[in-house]
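Biologist: Can you walk me through this one? I'd like to start with the inside and then go to the surface.

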Amino acid sequence: MKKFIMAIICAAFFALPAAAQGINDKADNIIGEYLTDRGGSKSKVRITKNADGTYDAQVFWVENPMGKDGKKRKDVKNPDKSLRNVDIDQVVIVKSLKYDAEDKKWGGAKIYDPTKGLRVNATAEFETADKLKLRGTILGVGVTLYWTRIK
């Protein structure tokens, strides 16, 4: 009987890391590069994983990076004045997104809209394997965006 109980304990002990890995695999599915199109303005965003297990999204390409003055556009509407000199094609738009295994979606972060200079609550979930649905809300009012995986 003792051997049987020990076998069950050992099986449970070794199964836990495997189960946790399954959660991480699903959470990590968000990692990649996406094409976004907001009102005809196209950009590409890269989602990466942080050491703490959260995810960030950073713009790495915009369709029209140059301003009317011929210089690269900056993030001039950023509420954080120290970030207003960041090139528009290097803006971090989501920081510390967390995966919720129960809901099978990411949340607990803010998404930043550089066209308006606003940070709003963000959730993300896959609508299809390559279509990420992002929802930004503030005071119950929200906007839904779709990002298409390109890599």
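Biologist: How many residues are in the largest nonpolar core?
Modeller: The largest nonpolar core has 25 residues. A core here is a set of buried Ala, Val, Leu, Ile, Met, Phe, Trp, Tyr and Cys residues joined through side-chain atoms within 4.5 Å, and buried means under 20% relative accessible area, with exposed over 50% and partly exposed in between (1.4 Å probe, protein chains only). I30, I47, I93, L97, W106, L132 and W147 have the most contacts inside it.

Biologist: Which elements give two or more residues to this core?
Modeller: Those are β2 (41–49), β3, β4 (92–100), β5 (105–113), β6 (118–128) and β7 (131–138). Strands are DSSP runs (E, at least two residues), numbered from the N terminus.

Biologist: What does I30 touch?
Modeller: Not counting residues up to four places away in sequence, I30 touches I47, Y55, L97, W106, A124, F126, L132 and R149. Contact means heavy atoms within 4.5 Å.

Biologist: Is this a predicted model, and what are the limits?
Modeller: It is predicted: local features need pLDDT of at least 70 and side-chain atom pairs pLDDT 80 or more, while totals for chains, interfaces and linings use all residues. Residues are numbered from 1 along each chain as its sequence is written, and side-chain values use heavy atoms, leaving out hydrogens and water.

Biologist: New topic. Where is K133?
Modeller: K133 sits in strand β7. Its relative accessible area is 27%, so K133 is partly exposed.

Biologist: How far apart are K133 and T144 in space?
Modeller: They are 6.9 Å apart, C-alpha to C-alpha, and 11 residues apart in sequence.

How values were computed. Helices (H or I, at least four residues) and strands (E, at least two) are DSSP runs, numbered from the N terminus.
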